Amino acid sequence: MSHLVAPSMLASDFANLERDVKMVNESEADWFHLDVMDGVFVPNISFGIPVISAMKRHAEKPFDVHLMIVQPERYIKEFKNAGADILTVHYEASTHLHRTIQAIKSEGMQAGVAINPHTPVGVLDDIIEDVDLVCVMSVNPGFGGQKFIEKTYSKVEKLHNIIESRNASAKIEVDGGVTTENAKKLLDCGAEVLVAGSFVFSADNPPQTVSDLKNCHLVSA
Ligand code: DX5
Ligand code: ZN
């Protein structure tokens, strides 16, 4: 299966959200990536449940919700009701990660776990069979438009090996600083979902940029 592209709405124009949601609908994008920040787990506050519900009214593709909040288990039902299809919590913010993953799945959503740049992939050893998605942060979470951390390639490779050796089905998502410069190499290392915020929304032609990310595996280096 070809890889997926998930534009991050954090980089969209919040004063023109409906327009930007429709742009993603009409593009080759697969998912919407929605970054929820609480000002505690990360040093920034983005948007929350009411804004996600509002976007859902116009969206025609799955919602990949990335929670950068402490104690994410408090709001699982609320994000389901707001329209989340995939709900990702941070390893570093979840004391009882196994329970939280089961709770997400029992609400009928796919469950994801995100890891910060300093968190080794090996900590997922005993949970990898239970998750549908691992979001490997390739910047420190909290802001769009940051520089891609090169170490991500080897983390993705390592994680890919763990997933293969267990015969697990978790998809690897890479989030932060993704562009057509690093996309192909990330896919070669085992990534299956590319999140891109500023690269898409700051482009002169956002739908074309989504298409470039979607077809980057076809371009020879
Ligand atoms: C960062 C967020 C990312 C961010 C990516 O905390 O999780 O999803 O929106 O933005 P870019 O692609 O601009 O790095
Ligand atoms: Zn994100």
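**Reading the zinc site and the aromatic contacts**

Guide: In this predicted model, Lys-185 lies over the face of Tyr-153, at 4.2 Å from the ring centre.

Visitor: Over the ring of which residue does the charged end of Lys-56 sit?

Guide: The charged end of Lys-56 sits over the ring of Phe-63, 4.5 Å from the ring centre.

Visitor: How is a pair of aromatic rings described?

Guide: Such a pair is described by the distance of the centres and the angle of the planes. The structure holds 3 aromatic pairs. In one of them, Phe-14 and Phe-47, the ring centres are 5.8 Å apart and the planes stand at 85°, so the pair is edge-to-face. Phe-14 belongs to the loop between β1 (4–7) and α1 (17–26), and Phe-47 to the loop between β2 and α2 (49–56), so parts 33 residues apart in sequence are tied together. Another pair, Phe-148 and Tyr-153, has centres 5.2 Å apart and planes at 55°, so this pair is tilted.

Visitor: Is Phe-14 buried or partly exposed?

Guide: Phe-14 is partly exposed, with a relative accessible area of 44%, whereas Phe-47, at 9%, counts as buried.

Visitor: Why is the arrangement around the zinc ion (ligand 2) octahedral?

Guide: Ideal angles for six octahedral donors are 90 or 180 degrees. Here the 6 donor atoms around the zinc ion (ligand 2) subtend angles of 69 to 170°, which makes the arrangement octahedral. The protein donors are His-33 (NE2), Asp-35 (OD), His-66 (ND1) and Asp-175 (OD), 2.0 to 2.3 Å from the ion. Asp-35 in strand β2 (residues 32–37) and Asp-175 in strand β7 (residues 171–175) link distant parts of the chain, 140 residues apart. Both Asp-35 and Asp-175 are buried.

Notes:
Residues numbered from 1 in each chain as written. Chains lettered and ligands numbered in written order. Predicted model: local features only at pLDDT ≥ 70, side-chain atom pairs only at ≥ 80, totals over all residues. Heavy atoms only, no water. Donors = N, O, S within 2.8 Å, 3.2 Å for Na, K, Ca; no water. Tetrahedral: all angles 85-135°; square planar, octahedral: opposite > 155°, others 65-115°. Helix = DSSP H or I, 4+ residues; strand = E, 2+ residues; numbered from the N terminus. Buried < 20%, exposed > 50% of the residue type's maximum accessible area, 1.4 Å probe, protein only. Phe/Tyr/Trp six-rings, centres within 6.5 Å; stacked < 30°, edge-to-face > 60°. Lys NZ or Arg CZ within 6 Å of the ring centre and 35° of its normal.
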